[in-house]
Amino acid sequence: RLYVGADSGLGHAAAVVGTPTLSLFGPTDERRYAPWGPQVAVVRAGPEMASLDVPAVYAAAATLLARSAA
């Protein structure tokens, strides 16, 4: 029902076939490299690039699932 993963070719493939896709980004620019599509969301690491905020990833995944179920 949902693909969650780092910025990679798998995320782009998931988005192309219409799978709700949550793409996780660190230092790369998501505005340039994120998958495209109406079922795509992005979470980016904070300014220190130390790690992703787990509650933010969870919230984005829940929002994406709810949006795709509508």
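Leaving out its neighbours within four places in sequence, Thr-21 is in contact (heavy atoms within 4.5 Å) with Leu-2, Tyr-3, Gly-11, Ala-14, Ala-15, Pro-35, Gln-39, Val-40, Ala-41 and Leu-64. What you're looking at is a predicted model, where local features need pLDDT of at least 70, side-chain atom pairs count only at pLDDT 80 or more, and totals for chains, interfaces and linings use all residues. Residues are numbered from 1 along each chain as its sequence is written, and side-chain values use heavy atoms, with hydrogens and water left out.

**Overall fold**
- The chain has three helices and three strands (DSSP runs numbered from the N terminus: H or I of at least four residues for helices, E of at least two for strands).
- Going from the N terminus, the order is β-α-β-α-β-α.
- The radius of gyration (over C-alpha atoms) is 11 Å, close to the 11 Å that the globule rule (2.2 Å times the number of residues to the power 0.38) gives for 70 residues, so the chain is as compact as a globular protein of that length.
- Along the principal axes, the C-alpha atoms fill a box of roughly 35 × 25 × 15 Å.
- Take the contacts between residues at least 6 apart in sequence: 25% of them join residues at least 24 apart.

**Surface and charge**
- Of the chain's 70 residues, 29% are buried (under 20% relative accessible area, with exposed over 50% and partly exposed in between; 1.4 Å probe, protein chains only).
- Accessible surface (Shrake-Rupley method, 1.4 Å probe; for residues, only the protein chains shown count as cover) comes to about 4,500 Å², and 63% of that belongs to carbon and sulfur atoms.
- There are 5 positive side chains and 5 negative ones, with the centres of the two sets 8 Å apart (Lys and Arg count as positive, Asp and Glu as negative, while His and the chain ends are not counted; charges are placed at NZ of Lys, CZ of Arg, CG of Asp or CD of Glu).

**Strand E2**
- Thr-21 sits in strand E2 (residues 21–25) and is buried, at 0% relative accessible area.
- Ser-23 is in E2 too, and this serine is buried at 2%.
- Beyond its neighbours within four places in sequence, Ser-23 is in contact with Gly-5, Ala-6, Asp-7, Pro-35, Ala-41, Val-42 and Val-43.

**Nonpolar core**
- The largest nonpolar core (buried Ala, Val, Leu, Ile, Met, Phe, Trp, Tyr and Cys residues joined through side-chain atoms within 4.5 Å) has eight residues: Leu-22, Leu-24, Ala-41, Val-43, Val-57, Ala-60, Ala-61 and Leu-64.
- E2, strand E3 (40–44) and helix H3 (54–69) each supply at least two residues of this core, and H3 gives the most, with four.
- Outside its neighbours within four places in sequence, Leu-22 has contacts including Ala-41, Val-43, Val-57, Ala-60, Ala-61 and Leu-64.
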